[in-house]
Amino acid sequence: MKRRQFIKASLFTPVALVLGAKLVATLRPYPLSDILVQIKALPAARLTSSGQWNPSQILQHCAQSISYSIYGYPQAHSPFFQYTLGKLAINGFAATGKLHHPLDEPIPGAPALEPNLPNDVALRELIYTVQQFMDWQGKMQPHFAFGSLTKAQYYSVHHLHLQSHLAQISIS
């Protein structure tokens, strides 16, 4: 790296981290009711996956994520990470309308996904969890990577997360 590039990067990085911490992600509101209708219409017996996880594991993972926003994530990144890189990431997702992440990466500290759980059981659990989230009136728990989020922000995060994972599921 040339000296000038190094100096620019050295000056920009702290500014980006501070801005990431200060910005409040303004995610476009995404109604979970729309995606719930889509999930309810999935024929459990005919689901296939294009990813590393089978359809049941994908559905379990999505249910875990939503449930943890209510009850708390088992592990979290440091507050420094959440208020710097985490906020930068969520602002990036807000700007693009897409949540990009490795689709076979488990939630830190979450129990292992059960590969042999029938699709219909995992599907019912996801439907129940989405409805439970929508009805939830209590305090939202901090996201393991993004930190504190409002319920409206969680609506958007969950919608984008479901959208990215459901793209791996097809009907045979």
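In this predicted model, helix α2 meets helix α6 through Leu32, Ile35, Gln38 and Ile39 on the α2 side and Tyr155, His158, His159, Leu162, Gln163 and Leu166 on the α6 side. By residue class, this contact consists of six nonpolar, four polar and no charged residues.

**How helix α2 packs**

The geometry of this pair can be described further. Helix α2 covers residues 32–40 and helix α6 covers residues 151–166; their axes come within 10 Å and cross at roughly 30°. Because angles under 35 degrees count as roughly parallel, α2 is roughly parallel to α6. The crossing of the two helices is left-handed.

Helix α2 also packs against helix α5, with the axes 10 Å apart and an angle of about 165°. An angle over 145 degrees counts as roughly antiparallel, and α2 and α5 are therefore roughly antiparallel to each other. The crossing of α2 and α5 is left-handed. From α2, the residues Leu32, Ser33, Leu36, Ile39 and Lys40 take part; they meet Leu123, Leu126, Ile127, Val130, Gln131, Phe133 and Met134 of α5. This contact divides into nine nonpolar residues, two polar residues and one charged residue.

Leu32 and Ile39 appear in the contact with α6, and Leu32 and Ile39 also appear in the contact with α5.

**The chain as a whole**

The two pairs belong to a chain with six helices and two strands. Read from the N terminus, the order of the elements is α-α-β-α-α-α-α-β. The chain has 172 residues, and 42% of them are buried. Its accessible surface comes to about 9,600 Å², with 61% of that area belonging to carbon and sulfur atoms.

Contacts in the chain may also be sorted by separation in sequence. Of those between residues at least 6 apart in sequence, 87% join residues at least 24 apart. Individual residues illustrate such separations, as the next section describes.

**Three buried residues**

Which element holds His165? His165 lies in helix α6. Its relative accessibility is 0%, so His165 counts as buried. Leaving aside residues up to four places away in sequence, His165 touches Trp53, Ile58, His61, Cys62, His101 and Leu103.

One of these partners, Ile58, is placed in helix α3, which covers residues 55–71. Ile58 is buried, with a relative accessible area of 0%. Under the exclusion of residues up to four places away in sequence, the contacts of Ile58 are Ser49, Trp53, His165, Gln168 and Ile169. Trp53 is thus among the residues touched by His165 and among those touched by Ile58.

Gly147 is found in the loop between α5, residues 119–135, and α6. Is Gly147 buried or exposed? Because its relative accessibility is 0%, Gly147 counts as buried. Beyond residues up to four places away in sequence, Gly147 touches Gln82, Lys87 and Pro142.

The table gives the separations in sequence and in space for two pairs of residues.

| Pair | Separation in sequence | C-alpha to C-alpha distance |
|---|---|---|
| Ile58 and His165 | 107 residues | 6.6 Å |
| Gly147 and Gln82 | 65 residues | 5.0 Å |

Ile58 and His165 connect helix α3 with helix α6 through the contact between these two residues.

Conventions:
Residues are numbered from 1 along each chain as its sequence is written. This is a predicted model: local features need pLDDT of at least 70, side-chain atom pairs count only at pLDDT 80 or more; totals for chains, interfaces and linings use all residues. Side-chain values use heavy atoms; hydrogens and water are left out. Helices (H or I, at least four residues) and strands (E, at least two) are DSSP runs, numbered from the N terminus. Buried means under 20% relative accessible area, exposed over 50%, partly exposed in between (1.4 Å probe, protein chains only). Contact means heavy atoms within 4.5 Å. Accessible areas come from the Shrake-Rupley method with a 1.4 Å probe; for residues, only the protein chains shown count as cover. Axes are lines fitted to C-alpha atoms, for helices over the stretch in contact, and angles run from 0 to 180 degrees between N-to-C directions. Angles under 35 degrees count as roughly parallel, over 145 as roughly antiparallel, 65 to 115 as roughly perpendicular and the rest as oblique. A crossing is left-handed if the near helix is turned anticlockwise from the far one by less than a right angle, and right-handed if clockwise. Ala, Val, Leu, Ile, Met, Phe, Trp, Tyr, Cys and Pro count as nonpolar, Asp, Glu, Lys and Arg as charged, and the others, Gly among them, as polar.
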